[in-house]
Amino acid sequence: MGTTRRIHLATSLVVRDGNVLLVASRYSSHREPLWNLPGGRQRDGELLEETALRELHEETGLRGEVRDFAYLAESYDGERHFLSAAFCVDDAGGEIRIPTDGDHVVGAQWVEKNALAERLTVAVVREPLLRYLREGCRYSSFPRADVSVRWFDESPTSEC
């Protein structure tokens with residue numbers, strides 16, 4: 001049995017005029033972009049809330065301030081154990097700017113809350129967010145993720 005690889009993710013839940021900010025990200029393991037909250041992998045020495053704010057800026061050009069912890073989602077993808085922390089982030093305003101440096105983000109959009117279920121096609125992304133918005137639920141777990149993602153900086157021959 002292999003060693004479990006732990007991946008910590010952090011996302012920003014930003015709401016403007018009742019709409020939630022989502023980003024579309026392209027992954028080498030998926031033909032179509034996947035929609036999610038702005039966010040990504042934690043770097044060494046970085047706190048999760050720092051990750052959320054850094055990723056928000058890198059993916060959308062927006063800045064914000066963490067107001068509160070929203071929820072934690074946990075899942076497994078084979079030997080990879082994902083912990084994804086979402087933070088409520090106060091919007092500092094401004095216009096969305098998608099990176100042009102070849103980043104995986106290919107779009108960003110303010111989405112009405114009632115349209116989130118349709119836009120978010122991956123259950124481990126969709127269900128924790130919807131449960132939090134609907135019920136204030138702060139923890140969701142998925143023994144088996146319904147999606148496998150390989151980032152562009154991962155070797156296709158890796159153990160993933």
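The following exercises, each with a worked solution, concern a predicted model of one protein chain.

**Exercise 1. Overall make-up and confidence**

Determine how many helices and strands the protein chain has, in what pattern they follow one another, and what the mean pLDDT is.

Solution.
1. The protein chain contains three helices and nine strands.
2. Along the sequence these elements follow the pattern β-β-β-β-β-α-β-β-β-α-α-β.
3. Of the 160 residues in the protein chain, 43% are buried.
4. Among contacts with a separation of 6 or more, 66% are accounted for by residues 24 or more positions apart.
5. The mean pLDDT is 89, and 88% of the residues reach 70 or more. Residues 155-160 have a pLDDT below 50; this stretch has five contacts in the model beyond near neighbours in sequence.

**Exercise 2. The geometry and surroundings of helix 1**

Compare the expected span of helix 1 with the distance between its end C-alpha atoms, and state which of its residues are buried and what covers them.

Solution.
1. Helix 1 comprises the 13 residues 48-60.
2. The expected span takes 1.5 Å times one less than the number of residues, which gives 18 Å for helix 1.
3. The end C-alpha atoms are 18 Å apart, in agreement with the expected span.
4. The buried residues of helix 1 are Thr 51, Ala 52, Arg 54, Glu 55, Leu 56, Glu 59 and Thr 60.
5. An α-helix has 3.6 residues a turn, so residues three or four places apart point the same way.
6. The cover over the buried residues includes strand 1 (5-13), strand 3 (19-25) and strand 5 (39-41), together with strand 6 (64-77), strand 7 (80-91) and strand 8 (105-112).
7. After helix 1 comes Gly 61, which has a positive phi near 80°.

**Exercise 3. Leu 48 in helix 1**

Classify Leu 48 as buried, partly exposed or exposed, and list its contacts beyond four places in sequence.

Solution.
1. Leu 48 belongs to helix 1.
2. The relative accessible area of Leu 48 is 28%, so this residue is partly exposed.
3. Apart from neighbours within four places in sequence, Leu 48 is in contact with His 8, Leu 9, Ala 10, Gln 42, Ala 85 and Phe 87.
4. For Leu 48 and Ala 10, the C-alpha to C-alpha distance is 5.7 Å, although the two residues are 38 residues apart in sequence.

**Exercise 4. Aromatic pairs and a charge over a ring**

Identify the aromatic pairs in the structure, describe the geometry of each, and find the ring over which the charged end of Arg 119 sits.

Solution.
1. A search of the whole structure gives two aromatic pairs.
2. One of them joins Phe 69 and Phe 87, with 5.9 Å from centre to centre and 75° between the planes. Planes over 60 degrees apart count as edge-to-face, and the pair of Phe 69 and Phe 87 is accordingly edge-to-face.
3. This pair links distant parts of the chain, with Phe 69 in strand 6 and Phe 87 in strand 7, 18 residues apart.
4. Phe 69 is partly exposed at a relative accessible area of 29%, whereas Phe 87 is buried at 9%.
5. In the pair of Tyr 71 and Tyr 132, the ring centres are 5.6 Å apart and the planes lie at 40°, so the pair is tilted.
6. Distant parts of the chain are linked here too: Tyr 71 is in strand 6 and Tyr 132 in helix 3 (residues 123-135), 61 residues apart.
7. Tyr 71 is buried at a relative accessible area of 6%, and Tyr 132 is buried at 15%.
8. The charged end of Arg 119 sits over the ring of Trp 35, at 4.7 Å from the ring centre.

**Exercise 5. Ser 84, Asp 17 and the cysteines**

Establish the setting of Ser 84, the phi of Asp 17, and the number of disulfides.

Solution.
1. Ser 84 is part of strand 7. With a relative accessible area of 17%, Ser 84 is buried.
2. Beyond neighbours within four places in sequence, Ser 84 is in contact with Leu 9, Thr 11, Tyr 71, Leu 72 and Ala 73.
3. Most residues other than glycine have a negative phi. Asp 17, not a glycine, has a positive phi of about 50°.
4. Asp 17 lies in the loop between strand 2 (15-16) and strand 3, and is exposed with a relative accessible area of 75%.
5. The search for disulfides finds zero. Cys 88 is buried at 5% relative accessibility, and Cys 137 is buried at 16%.

Technical notes
Residues are numbered from 1 along each chain as its sequence is written. This is a predicted model: local features need pLDDT of at least 70, side-chain atom pairs count only at pLDDT 80 or more; totals for chains, interfaces and linings use all residues. Side-chain values use heavy atoms; hydrogens and water are left out. Helices (H or I, at least four residues) and strands (E, at least two) are DSSP runs, numbered from the N terminus. Buried means under 20% relative accessible area, exposed over 50%, partly exposed in between (1.4 Å probe, protein chains only). Contact means heavy atoms within 4.5 Å. pLDDT is the predictor's confidence in each residue, from 0 to 100. Rings of Phe, Tyr and Trp (its six-membered ring) pair if their centres lie within 6.5 Å; planes under 30 degrees apart count as stacked, over 60 as edge-to-face and the rest as tilted. A charge sits over a ring if NZ of Lys or CZ of Arg is within 6 Å of the ring centre and within 35 degrees of the ring normal. A disulfide is a pair of cysteine sulfur atoms within 2.5 Å.
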